[in-house]
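Biologist: Hi! I'm new to this one, could you walk me through it?
Modeller: Happy to, let's have a look together.

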Amino acid sequence: MAYVKINKEKCKGCGYCVNVCPDKAFVISSQLNSKGYNVIEYTSKECRGCKLCVTVCPDCAIEIFDGKK
Ligand code: SF4
Ligand code: SF4
């Protein structure tokens, strides 16, 4: 188990993490950040901790931590 921390101010809504997550756990939300980008939301309770989302995000907006929140 791992947990996901998203820095919504860094997110540009590109959707790379949406496509790469094996659990399809990210969605682009209707929420805008201060730069006007639609930001992602994490919709699952159980992240497997593969960190593919961290690798793919061009804006370093996602951090994955081991263990429970
Ligand atoms: S670490 Fe893996 S399972 Fe967890 S949110 Fe990122 S891509 Fe999805
Ligand atoms: S890959 Fe990064 S910038 Fe793109 S939608 Fe995901 S968190 Fe946002």
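Biologist: Let me start with a small thing: is Cys60 buried or exposed?
Modeller: Cys60 is exposed, because 10 other C-beta atoms lie within 10 Å, and a residue counts as exposed at 12 or fewer. Keep in mind that this is a predicted model.

Biologist: Good to know. Where does Cys60 lie?
Modeller: Cys60 lies in the loop between H2 and strand S4 (62–66). Its phi is near 50 degrees, a positive value in a residue other than glycine.

Biologist: Which other non-glycine residue has a positive phi?
Modeller: Lys51 has one, of about 65 degrees. Lys51 is placed in the loop between S3 and helix H2 (52–56). It counts as partly exposed, because it has 13 C-beta neighbours inside 10 Å.

Biologist: Let's zoom out. How many helices and strands does the protein chain have?
Modeller: There are two helices and four strands. Going along the sequence, the pattern reads β-α-β-β-α-β. The radius of gyration is 11 Å, close to the 11 Å that the globule rule gives for 69 residues, so the protein chain is as compact as a globular protein of that length.

Biologist: And what box do the C-alpha atoms fill?
Modeller: Roughly 30 × 20 × 20 Å, taken along the principal axes.

Biologist: What share of the contacts is between residues 24 or more positions apart?
Modeller: Among contacts with a separation of 6 or more, such pairs account for 59%. Lys5 gives an example of two residues distant in sequence: its C-alpha atom and that of Ile62 are separated by 5.8 Å, with the residues 57 apart along the chain.

Biologist: Which strand is Lys5 in?
Modeller: Lys5 is found in strand S1 (residues 2–6). Leaving aside neighbours within four places in sequence, Lys5 is in contact with Glu63 and Phe65. Lys5 is exposed, because 11 other C-beta atoms lie within 10 Å.

Biologist: Switching topic: how do S2 and S3 pair?
Modeller: Strand S2 (residues 26–32) and strand S3 (residues 38–42) pair in the antiparallel sense, over four bridges. Ile28 stands opposite Ile40 in S3, and Phe26 has Tyr42 as its bridge partner there.

Biologist: What about the hairpin, how many residues sit between the strands?
Modeller: Five, and in this hairpin Gly36 takes a positive phi near 90 degrees.

Biologist: Now the inside. What percentage of the residues count as buried?
Modeller: That's 17% of the 69 residues of the protein chain.

Biologist: Which residues make up the largest nonpolar core?
Modeller: It has 11 residues: Val4, Cys11, Cys17, Cys21, Phe26, Val39, Ile40, Cys53, Cys57, Ala61 and Ile62. As background, nonpolar side chains tend to be buried together in soluble globular proteins.

Biologist: Pick one of those, say Cys17. What is Cys17 in contact with?
Modeller: Not counting neighbours within four places in sequence, Cys17 is in contact with Phe26, Ile40, Cys53, Val56, Cys57 and Ile62.

Biologist: And Val18, where does Val18 lie?
Modeller: Val18 lies in helix H1 (residues 16–20). Beyond residues up to four places away in sequence, Val18 touches Phe26, Val27, Ile28 and Ile40.

Biologist: Why does Val18 count as partly exposed?
Modeller: Because Val18 has 16 C-beta neighbours inside 10 Å, and a residue needs 20 or more to be buried. As for our starting residue, the C-alpha atoms of Val18 and Cys60 are separated by 14 Å.

Biologist: Last topic, the ligands. Which residues come nearest to ligand 1?
Modeller: Of the 14 residues around ligand 1, the nearest are Cys21, Cys47, Cys50, Leu52 and Cys53. By class, its shell divides into 10 nonpolar, one polar and three charged residues.

Biologist: And which residues are closest to ligand 2?
Modeller: Ligand 2 is surrounded by 13 residues, with Cys11, Cys14, Cys17, Cys57 and Ala61 the closest. The shell has nine nonpolar, two polar and two charged residues. Cys17 is also one of the residues of the largest nonpolar core.

Biologist: Great, thanks for the tour!

Note on methods: Residues are numbered from 1 along each chain as its sequence is written. Chains are lettered from A and ligands numbered from 1 in the order in which they are written. This is a predicted model: local features need pLDDT of at least 70, side-chain atom pairs count only at pLDDT 80 or more; totals for chains, interfaces and linings use all residues. A nonpolar core is a set of buried Ala, Val, Leu, Ile, Met, Phe, Trp, Tyr and Cys residues joined through C-beta atoms within 7 Å. Two residues are in contact if their C-beta atoms, placed from the backbone, lie within 7 Å. A residue is near a molecule or strand if its C-beta atom, placed from the backbone, lies within 6 Å of it. Ala, Val, Leu, Ile, Met, Phe, Trp, Tyr, Cys and Pro count as nonpolar, Asp, Glu, Lys and Arg as charged, and the others, Gly among them, as polar. The radius of gyration is taken over C-alpha atoms; the globule rule is 2.2 Å times the number of residues to the power 0.38. Two strands pair if DSSP finds at least two bridges between them.
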